[in-house]
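Someone new to this structure may wish to know how its descriptive words are earned. Please read the exchange below with the structure at hand.

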Amino acid sequence: MAPSLTSAPTGADEGAGNTGGAGRPSRRRLLPPAEAATAVAASLVYPWICTTVDVDPVVRIGQVSGLGALQLYGALLGLPLLAVLLFTAHRGPLGRHLLVRRLVCAALAGLAGGVLAGGTVIALHGTPWPLGGQDGDPSTLVAMANSMMHAHHLPGVYPPGFPAAIALWAKLKYGGLGGGGFALHDLQIVCTALAGPAAYLAWRLLLRPVWALAIAVLSVITFLDPIRPYSHTAMIVLLPVTAAALRRLARAGELSTRAAVLRGAGYGAGFGALFLWYSGWFLWSAPGVLVLALAAFPWRAGRAAVLRALAFAGSAVAGFVAVGSPLLYELVRFGAGAPDRYAYLGVYADPGYVLGWATDRPGQLTYHNWPVPGELGGQTGIAVLLVVGAGLGVGLGLRHVAVRVAAATLAGSWLLRFWFVSALERTQTVQLYPRTTWIIMYCLIVLGVLGAMAAVQRGSALLRRPDGPLGGAVLPRTRVQLAAGLVCSLALFAAMGGSWSVNRYMPEDPQAGTMGTDAWRAHTVKKLDGSCPEHSPVKQCEDIDIAFFGPGQDLEDKLWCGALPTAEWPVVCGRPAPWTKG
């Protein structure tokens with residue numbers, strides 16, 4: 001029988017510590033912080049180097065030059081790492097290679113976030129303002145931070161973590177009020193860079209380096225939005241932390257009561273911090289995870305195990321409430337059912353499409369030509385691959401807690417998505433349901449990677465059997481060489497996918513209606529000295545405006561159809577555009 005996916009140590013590479021010597025336990029204790037430091041350092045070095053790129057990001061040739069410099073620096077940083085990895089995979093002791101692989105995977109995860117942050121640095125070259133300038137969601141975040149600084153008000157039911165970070169950095173570096181936009185500029189870059197290490201280190205709680213890197217790179221490149229990097233980072237981190245907590249709940253009987261309480265409180269505090277950072281993913285994942293938690297509880301493991309599991313769960317809830325209390329209080333005070341009536345292209349399209357999204361700046365896309373139908377039941381090749389991979393994950397890897405959490409989260413998010421979609425016309429509310437696209441696609445990616453991992457583990461177990469195809473021969477060198485090749489392919493994907501992601505945010509005239517609008521706006525607001533940014537595309541820039549946050553009023557009880565021409569409102573939204581009424 002093939003071994004369980006959880007049968008091997010999950011927090012470290014097998015054999016990583018087999019370097020001999022009396023100091024082996026001490027060195028093993030140093031590996032996790034060294035891995036974390038490597039990932040964070042790589043993520044921050046990349047955008048720092050990109051500050052030396054001197055191009056005009058508002059003209060297309062300047063943007064292309066910037067994208068070229070981004071790839072050049074990425075190659076100069078990444079190729080030596082890959083060379084060392086491949087060399088040690090083919091020469092020298094395996095123990096040394098496993099240590100190298102661990103640190104190289106951490107560095108590449110950092111570079112995956114760094115390439116997006118470096119691209120943001122290039123897109124904002126010459127302006128101190130953030131993506132979005134003084135408009136859209138960034139302006140709302142700055143207004144929330146201003147309200148915190150001026151009147152010490154929390155932003156209602158919106159998670160206060162990121163606005164509080166803006167307010168704190170504005171006070172420390174930019175003198176408080178009036179500096180929120182400049183603080184957001186810095187945080188967009190830093191938080192984008194740190195998304196790679198955060199994703200990788202969260203998955204290292206459960207997986208070995210190569211598989212943790214695979215999920216981290218695919219998810220960060222696919223989902224991260226430098227305009228609001230906090231949102232998707234919270235989603236990416238929440239799933240593996242949830243899986244680690246449920247694994248500990250199931251094994252609570254192995255702990256002392258004191259250890260169960262302390263670990264539960266630690267997990268609860270971590271969930272509370274994520275809740276303050278961005279709370280929406282808790283809603284979408286809650287139905288499936290709650291059912292799974294009941295299934296994971298050690299009901300039949302004996303009285304002692306049950307009591308310790310209750311101590312773990314109780315302290316986790318207490319820790320969550322203690323840390324998340326500011327937002328929980330606002331939810332109780334104002335109610336969690338505030339209507340969301342803002343519709344855009346993702347709301348008009350087929351709700352069964354969950355492998356891509358379009359913002360309220362779709363460019364030339366409409367619900368007539370997006371999403372592009374695939375050849376097999378309307379599904380593209382990537383969709384089929386992800387579905388097959390998810391089937392492998394559920395079929396071969398269901399014993400792994402991460403597979404169960406991803407599957408449960410997908411199922412719960414799917415049900416909530418279509419609950420809200422089915423009531424869309426009747427209630428005239430969107431309730432942010434298009435955001436389930438992200439978490440559903442993320443779960444499919446996770447299941448696909450874990451399905452590949454399960455297939456590799458089953459295949460390796462088969463080869464090791466005496467009656468197997470190779471008569472029980474073990475091929476450790478071949479295995480590490482294949483893993484090194486996979487790491488190289490992930491690095492190439494990060495380079496290519498990172499360039500695609502960055503290119504979407506390069507400045508473009510708002511008349512084009514694309515995501516480049518946000519970077520364009522950043523170049524059209526005056527600097528502190530009253531002058532326009534260096535590469536401003538306009539002669540007369542906006543004055544600096546200090547706004548404060550106030551919740552909007554729901555006056556019409558009707559959907560607001562964004563990104564629609566006036567003539568299409570009746571056909572798409574079922575009513576005339578409000579500004580056409582006499």
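The questions and answers that follow deal with cysteines and then with enclosed spaces.

Q: What kind of model is this, and how are its residues numbered?
A: This is a predicted model, in which local features need pLDDT of at least 70 and side-chain atom pairs count only at pLDDT 80 or more, while totals for chains, interfaces and linings use all residues. Residues are numbered from 1 along each chain as its sequence is written, and side-chain values use heavy atoms, with hydrogens and water left out.

Q: What makes cysteine 532 and cysteine 541 a disulfide?
A: A disulfide is a pair of cysteine sulfur atoms within 2.5 Å, and the S to S distance between cysteine 532 and cysteine 541 is 2.1 Å, so the pair meets the definition. The torsion about their S-S bond is about 130°, and the disulfide is therefore right-handed.

Q: Why is cysteine 532 called partly exposed?
A: Buried means under 20% relative accessible area, exposed over 50%, and partly exposed in between, with a 1.4 Å probe and protein chains only. Because cysteine 532 has 23% relative accessibility, it counts as partly exposed, whereas cysteine 541, with a relative accessible area of 5%, is buried.

Q: What makes cysteine 561 and cysteine 573 a disulfide?
A: Their sulfur atoms are 1.6 Å apart, and the two cysteines form a disulfide; with 55° about the S-S bond, this link is right-handed. Cysteine 561 counts as buried at 3% relative accessibility, and cysteine 573 is buried at 13%.

Q: Why is cysteine 191 not bonded to cysteine 50?
A: The sulfur of cysteine 191 is 17 Å from that of cysteine 50, which is its closest cysteine sulfur, and this is too far for a bond. Cysteine 50 counts as buried at 1% relative accessibility, and cysteine 191 counts as buried at 16%.

Q: What makes a space a cavity, and how many cavities of 30 Å³ or more are there?
A: On a 1 Å grid over the protein atoms alone, a cavity is a set of points where a 1.4 Å probe fits but cannot get out, and lining residues have an atom within 4 Å of a point. The structure holds 2 cavities of 30 Å³ or more; the largest has a volume of about 60 Å³, and the second largest has about 50 Å³, a volume being the space filled by probe spheres set on the points, which are joined across faces, edges and corners.

Q: Which residues line the largest cavity?
A: Among them are Met235, Trp281 and Ile439.

Technical notes
1 Å grid on protein atoms, 1.4 Å probe; cavity = no way out; pocket = protein on both sides within 12 Å on 5 of 7 lines; lining within 4 Å.
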